[in-house]
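Visitor: I would like a close look at a single part of this model, the nonpolar core and the helices that contribute to it. Could you take me through it in one connected account?

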Amino acid sequence: MDLARVETRVDDAVARFGVTGNGVLVAVMDRGIDWANNDFRNPDGTTRIKYIFDLTDNTGANDPNNPYGSGTIYTEDDINSALTGGPPLAARDAIGHGTTSAGLACGNGQNSFNAQYRGVAPNASII
């Protein structure tokens with residue numbers, strides 16, 4: 001990961017075009033995400049994740065805000081509430097693959113010194 005941004009010339013694009021993912025919504029379809037991970041948070045500690053659609057948990061299948069009739073949809077408000085001591089989310093990433101995929105795409109590097117290990121679009125929002 002320490003060479004990924006160099007090899008892909010992401011830092012060159014950032015320097016040349018000033019792109020950071022700000023205003024971009026990245027959708028990651030994988031096996032889950034560690035929604036409490038610092039790499040997916042804003043500087044104030046709130047989440048950058050707009051929604052999690054957890055298809056491994058059908059407890060929210062009949063929720064009126066779930067048009068799909070399966071899975072559970074967690075909103076940004078649900079995630080922020082869980083981050084500040086509210087009800088925890090059942091959503092998880094059992095093996096870390098989804099978290100890694102999301103981190104490569106849009107982790108902001110808050111888990112590493114000087115944000116050395118950050119994704120391609122560190123200011124992007126995530127679903």
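Guide: What follows goes from the core to its two helices and then to a buried charged side chain.

This is a predicted model, in which local features need pLDDT of at least 70 and side-chain atom pairs count only at pLDDT 80 or more, while totals for chains, interfaces and linings use all residues. Residues are numbered from 1 along each chain as its sequence is written, and side-chain values use heavy atoms, with hydrogens and water left out.

The largest nonpolar core has 17 residues, and those that touch the most other members are Ile 33, Trp 35, Ile 49, Ile 52, Ile 79 and Leu 89. Such a core is a set of buried Ala, Val, Leu, Ile, Met, Phe, Trp, Tyr and Cys residues joined through side-chain atoms within 4.5 Å, where buried means under 20% relative accessible area, exposed over 50%, and partly exposed in between, with a 1.4 Å probe and protein chains only. Helices H3 and H4 each supply at least two residues of this core, and the largest share, three residues, comes from H3. Helices (H or I, at least four residues) and strands (E, at least two) are DSSP runs, numbered from the N terminus.

In H3 (residues 76-83), the buried residues are Ile 79, Asn 80, Ala 82 and Leu 83. Seen down the axis of H3, these residues fall within an arc of 160 degrees, so they line one face of the helix; the arc is that of the directions from the helix axis to the C-beta atoms. The buried residues of H3 pack against E2 and strand E3 (72-75), with contact meaning heavy atoms within 4.5 Å.

In H4 (residues 97-106), Gly 98, Thr 99, Ala 102, Gly 103 and Cys 106 are buried. They cover an arc of only 135 degrees around the axis, which puts them on the same side of H4. Their cover includes E1 and strand E4 (125-126). Leaving aside neighbours within four places in sequence, Ile 33 is in contact with residues including Thr 99, Ala 102 and Ile 126.

Arg 48 lies in the loop between strand E1 (25-26) and strand E2 (51-54). Arg 48 is buried yet has no salt bridge, the nearest side chain of opposite charge, Asp 39, being 7.0 Å away; a salt bridge is a side-chain nitrogen of Lys or Arg within 4 Å of a carboxyl oxygen of Asp or Glu. A polar atom of the Arg 48 side chain does lie 2.7 Å from the backbone oxygen of Asp 39, and the side chain of Arg 48 also reaches the backbone oxygen of Ala 124 at 2.8 Å.

Technical notes: Lys, Arg positive; Asp, Glu negative; His and termini not counted. Polar contact = N/O pair within 3.5 Å; in protein donor to acceptor, adjacent residues only side chain to side chain.
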